[in-house]
Amino acid sequence: MSRLLKQIRLESGKKMMDVVEAVKPICPAFDKAMLSKCENGYKYGIKIDPKIMNAIIEFCAPDNIDEVKRRVRGGNKMPHRVSCRLERSVYTKLQQRMKVQGFTTMQDLLMHLINNYLKGESEQ
């Protein structure tokens, strides 16, 4: 995330002191040295607080906040998780059936099942 922070700032063309001034209302002790350490957090073992990261994103990239936040979170377009637990024998049978049906991942199978389920619901 720290490298992404620096990339966001550089892409926006904002100066470090401007970013520091945008963060000061949230964190009064935040300074240029701290921003530098946050941008190089992999060297210093620093993780930036989400509130500060949000303030920097809003300051540096106000036009595409959602896109930048998606990059920060890992770029996952489907952030909601569905899961269940199975007995070993049932799980083994499921994997074998998946291979026969041509599904390469559990994600593919579940998306297929859920979409079919929802289509059937709309037909009722």
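Helices (H or I, at least four residues) and strands (E, at least two) are taken here as DSSP runs, numbered from the N terminus. The model is a predicted one, so local features need pLDDT of at least 70 and side-chain atom pairs count only at pLDDT 80 or more, while totals for chains, interfaces and linings use all residues. Residues are numbered from 1 along each chain as its sequence is written, and side-chain values use heavy atoms, with hydrogens and water left out.

On that basis the chain has 8 helices and 0 strands, and its elements read α-α-α-α-α-α-α-α from the N terminus on. Of the 124 residues, 22% are buried (buried means under 20% relative accessible area, exposed over 50%, partly exposed in between, with a 1.4 Å probe and protein chains only).

Now for the interior. The largest nonpolar core (a set of buried Ala, Val, Leu, Ile, Met, Phe, Trp, Tyr and Cys residues joined through side-chain atoms within 4.5 Å) holds 16 residues, and Leu5, Phe30, Leu35, Ile48 and Ile56 have the most contacts inside it. Two or more residues come from each of helix 1, helix 2 (16-23), helix 3 and helix 5 (50-60). Helix 5 is the top contributor, with 5 residues. Phenylalanine 59 also sits in helix 5, but phenylalanine 59 is partly exposed, at a relative accessible area of 27%. The C-alpha atoms of phenylalanine 59 and serine 12 are 9.1 Å apart, although 47 residues separate the two along the chain.

Helices 2 and 3 can be viewed down their axes. In helix 2, the buried residues include Met16, Val19, Val20 and Val23. The buried residues of helix 2 span an arc of 100° (taken from the directions from the helix axis to the C-beta atoms), so they line one face of the helix. That spacing fits a general rule: an α-helix has 3.6 residues a turn, so residues three or four places apart point the same way. In helix 3, Leu35, Cys38 and Glu39 are buried. They take up an arc of only 95° around the axis, which places them on the same side of helix 3.

Glu39 turns up again in the polar contacts. The count is 1 salt bridge (a side-chain nitrogen of Lys or Arg within 4 Å of a carboxyl oxygen of Asp or Glu). Arginine 9 pairs with glutamate 39, with 2.5 Å between the closest N and O atoms. This pair ties together distant parts of the chain, 30 residues apart: arginine 9 belongs to helix 1 (residues 2-12) and glutamate 39 to helix 3 (residues 32-39). Both arginine 9 and glutamate 39 are buried.

As for the cysteines, the whole structure has 0 disulfides (a disulfide being a pair of cysteine sulfur atoms within 2.5 Å). For cysteine 38, the closest cysteine sulfur is in cysteine 27, and at 8.7 Å that is too far for a bond. Cysteine 38 counts as buried because its relative accessibility is 5%; cysteine 60 is buried too, at 8%.

On the outside, Val82, Leu110, Leu113, Ile114, Tyr117 and Leu118 make up a nonpolar surface patch of about 570 Å². Patches are built from residues with over 30% relative accessible area and no salt bridge, joining like charges within 9 Å and nonpolar side chains (Val, Leu, Ile, Met, Phe, Trp, Tyr) within 5 Å; the accessible areas come from the Shrake-Rupley method with a 1.4 Å probe, and for residues only the protein chains shown count as cover. Isoleucine 114, one of the patch members, is placed in helix 8 (residues 106-123) and is partly exposed, at 34% relative accessibility.

Lysine 47 is another surface residue to look at: it lies in the loop between helix 4 (41-44) and helix 5 and is exposed, with a relative accessible area of 82%. Lysine 47 and lysine 37 are 10 residues apart in sequence, with a C-alpha to C-alpha separation of 9.6 Å.
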